[in-house]
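Let's take a walk through this protein together, starting with how its helices pack and moving on to its sheets and domains.

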Amino acid sequence: MLVRPAKCLRGEVSLPGDKSISHRAAIMAALANGETRIENFATSADCASTLKCLQDLGVDIRCEGNTVWICGVGKSGFRKPSGDLDCGNSGTTMRLMSGVLAGQKFDSVLIGDESLSRRPMKRVIEPLTEMGAAIESVEGHAPLTIHGRHPLQAISYELPIASAQIKSCVLLAGLNADGETSVIESVPTRDHTERMLRWLGVEVVEADEYRHKRRISVNGNAEMTAGDLLIPADISAATFFMVAATCLYQSNVRMPNVGINPTRSAVIDVLKQKLGASVSIGEQREENNEPTGNISVRGRLKTQRSNEIRGKVVANLIDELPALAVLGTQLEFGLEVRDAGELRVKESDRIAAVVENLRRVGADVEEFKDGFHVSKSNLKGAKVDSFGDHRIAMAFAIAGLLAVEGETEIIGAECVDVSFPGFFETLQNVVVYE
Ligand code: S3P
């Protein structure tokens, strides 16, 4: 894919449904009693992997455009799959489905592509083993063979890593456990699972613990009742457009009905409060317990000091960091990101990928174990690599727009389909060159 320098972005951007919420909607609708209609379901390849796994477990699913109908089978109505369950590139599918499958009365095998097979799964194997499931892996990596047990043993589990996927895995397993299962988190992570469980009628109890920690609990006797869902547009997908529009001064873009859940919207706070960007949110409402709003962005950046992103906020904008790294090249005092070691175990090693590609497009960047420092730089078109990672491909498409000269060639750009099929067409629709 070739991208050339742009003047600005103008118009309305049509974004896919939120990937994180779509995974949860599909999984919980399958576990519910009754039929659920999900509108604006994510078009991403990742969410298609979740639907396929559920179909292979005997769930009846029908899709028409972005609308999906799921006939819930209840918490223990899955059928033993006849083959392996393929999670493709999707870590969320593998980690959340592990939690669901651990409490079933049959064995199942979860597999993934090369990238997913390199990602750490010990983080879900440990709590699920504590709950009584037996899980075989290849030294903590997929394929995972899950010997389910029903009921599981309820546990209280303190998250060793700030991860919504681990939290969700344990809470979903808790729905098939013999009592109250709790997860304790010291850093708040995205809470889509808790919100969706409540929407479907499950009581989720939250309580403060010592040292600002939160305990989140579900009971194994909870049942879910089907309820129609509308998925908001994906704020992580919106970020690429927010960054491009912020940096290209004559821009003016609107993005309707975007999810602005506070555990996901830290990117907006950083853009507005730290970087002086012009981002406004209108018509705020709620769709099935998820806050949404229309986002408008005009070109503007105003920073007076060096900027750092570190500490607890990192968990709430972890997927937005590749795009923010590109934005860092446009900041007077640059941008430093720390405490983001988790980036190394995403779809690619995102610290290495960002640093390598930024250098190729002429940016001055320093790599740390847990982050990077980007200095203000004039970008020039160059050949960059997606490293098979959708967010790296999209971040460097934005770098290509911001370049002062030359075309940027993105190798392996087709991986954008993992979260945003049609990304380049959508971008093309709002880019102004002259
Ligand atoms: C996700 C949680 C995050 C995020 C991922 C989606 C989710 O991962 O990076 O893209 O849907 O729960 P971790 O739980 O590993 O932090």
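## Helices, sheets and domains

Helix α10 (residues 321-328) and helix α11 (residues 350-360) have axes that come within 10 Å and cross at roughly 30°. Angles under 35 degrees count as roughly parallel, so α10 is roughly parallel to α11. The crossing in which α10 passes α11 is right-handed. On the α10 side, the contact is made by Pro322, Ala325 and Val326, and α11 contributes Arg350, Val354 and Leu358. By class, this contact of α10 with α11 has 5 nonpolar residues, 1 charged residue and no polar ones. Please keep in mind that this is a predicted model.

Helix α10 also packs with helix α12 (residues 390-402), at an angle of about 20° and with the axes 8 Å apart. That angle makes α10 roughly parallel to α12. The crossing of α10 and α12 is right-handed. Here Pro322, Ala323 and Val326 of α10 meet a set of α12 residues: Arg391, Ile392, Ala395, Phe396, Ile398, Ala399 and Leu402. The contact of α10 with α12 divides into 9 nonpolar residues, 1 charged residue and no polar ones. Pro322 and Val326 of α10 take part in the contact with α11 and also in the contact with α12.

Now for the sheets. Five strands are a good place to begin: an open sheet of 5 strands runs in the order β16-β17-β15-β2-β24, with mixed pairing. Its edges are β16 (278-287) and β24 (431-432); each has a single partner strand, so one side of each is left without a neighbour in the sheet. Inside this sheet order, β15 and β17 pair in the antiparallel sense, and valine 253 stands opposite valine 297 in β17.

Another open sheet has 4 strands in the order β6-β7-β9-β8, again with mixed pairing. The edge strands are β6 (85-86) and β8 (134-138), and each of them pairs on one side only. Strands β7 and β9 pair in the antiparallel sense, with serine 108 opposite isoleucine 146 in β9.

A further antiparallel pair is formed by β12 and β13, where valine 205 stands opposite serine 217 in β13. These two strands form a hairpin with 5 residues between them. In the turn, arginine 211 has a positive phi of about 50°.

Here are the three antiparallel pairs side by side:

| Strand | Partner strand | Bridges |
|---|---|---|
| β7 (residues 107-111) | β9 (residues 141-147) | 4 bridges |
| β12 (residues 205-208) | β13 (residues 214-219) | 4 bridges |
| β15 (residues 252-259) | β17 (residues 290-298) | 6 bridges |

How does the chain divide into domains, and which residues belong to each? The domain assignment gives domain 1 as 2-15 + 232-432 and domain 2 as 19-217. The C-alpha centres of domain 1 and domain 2 lie 28 Å apart. Where the two domains meet, 26 residues of domain 1 are in contact with 25 residues of domain 2.

Notes
Residues are numbered from 1 along each chain as its sequence is written. This is a predicted model: local features need pLDDT of at least 70, side-chain atom pairs count only at pLDDT 80 or more; totals for chains, interfaces and linings use all residues. Side-chain values use heavy atoms; hydrogens and water are left out. Two strands pair if DSSP finds at least two bridges between them. Axes are lines fitted to C-alpha atoms, for helices over the stretch in contact, and angles run from 0 to 180 degrees between N-to-C directions. Angles under 35 degrees count as roughly parallel, over 145 as roughly antiparallel, 65 to 115 as roughly perpendicular and the rest as oblique. A crossing is left-handed if the near helix is turned anticlockwise from the far one by less than a right angle, and right-handed if clockwise. Contact means heavy atoms within 4.5 Å. Ala, Val, Leu, Ile, Met, Phe, Trp, Tyr, Cys and Pro count as nonpolar, Asp, Glu, Lys and Arg as charged, and the others, Gly among them, as polar. Domain bounds come from an automatic or database domain assignment.
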